[in-house]
Amino acid sequence: MRITQGAFSYLPDLSDDEILAQIRYAVGRGWAVGVEHTEDPSPRNIYWDMWALPLFDLDDPAVALAQVRACRAAHPGSHVRVTAYDASLGRQTTALGFIVHRP
């Protein structure tokens, strides 16, 4: 069964270049980027494990892509997603989220 959560979920899996383009989009808007993973991608499971702390004040989107690659390598049997957080309204909100690895 293909999990369809977040943006781009009905499209074919994104390539690393396409993931990098989306991260570049988020960084260009000043959003913090985080990488998360879970073995239970149920829509009811909203708490995924953080791979590392969100990348605040990120200048180079390639750093976030390296985190994605490291998470995929460490958790090949898990779903991995990228989440971008927008703090422009005075509170941290999810602005973008998409799955970057399906086992």
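1. A point of entry is the residue pair formed by alanine 84 and leucine 96: in this predicted model, alanine 84 stands opposite leucine 96, a residue of β4. A further pair involves tyrosine 85, whose bridge partner in β4 is threonine 94.

2. These pairs belong to the contact between two strands. Strand β3, residues 79-86, runs antiparallel to β4 and is joined to β4 by seven bridges. The hairpin of β3 and β4 has six residues between the strands, and glycine 90 in this hairpin adopts a positive phi near 90°.

3. The wider setting is an open sheet of four strands, in which the order is β2-β1-β3-β4 and the pairing is antiparallel. Strands β2 (49-50) and β4 (93-101) are at the edges; each has a single partner strand, and therefore one side of each is left without a neighbour in the sheet.

4. Two helices should be considered together with the sheet. Helix α1, which comprises residues 16-28, lies across β1 (32-38), β3 and β4, and runs at about 170° to β4. Helix α2, residues 61-74, also packs on the sheet, where it touches β1, β3 and β4. The direction of α2 makes about 5° with that of β1.

5. The length of α1 can be checked against expectation. At 1.5 Å a residue, its 13 residues should span 18 Å, and the C-alpha atoms at its ends are 18 Å apart, so the two values agree.

6. Which residues of α1 are buried? They are Ile19, Leu20, Ile23, Ala26 and Val27. Viewed down the axis of α1, the buried residues fall within an arc of 120°, which means that they line one face of the helix. Asp17 and Gly28, on the other side of α1, are exposed.

7. What do the buried residues of α1 pack against? Their partners are β1, α2, β3 and β4. The buried face of α1 thus concerns the second helix as well as strands of the sheet. After α1 comes glycine 30, which has a positive phi, near 80°.

8. On confidence, the mean pLDDT of the protein is 90, and 99% of its residues reach 70 or more. Among the elements, α2 has the highest mean pLDDT, 96, and β4 the lowest, 91. As a general caution, predicted coordinates should not be read in detail where pLDDT is low.

Technical notes:
Residues are numbered from 1 along each chain as its sequence is written. This is a predicted model: local features need pLDDT of at least 70, side-chain atom pairs count only at pLDDT 80 or more; totals for chains, interfaces and linings use all residues. Side-chain values use heavy atoms; hydrogens and water are left out. Two strands pair if DSSP finds at least two bridges between them. Contact means heavy atoms within 4.5 Å. Axes are lines fitted to C-alpha atoms, for helices over the stretch in contact, and angles run from 0 to 180 degrees between N-to-C directions. pLDDT is the predictor's confidence in each residue, from 0 to 100. The expected span of a helix is 1.5 Å times one less than its number of residues. Buried means under 20% relative accessible area, exposed over 50%, partly exposed in between (1.4 Å probe, protein chains only). The arc is that of the directions from the helix axis to the C-beta atoms.
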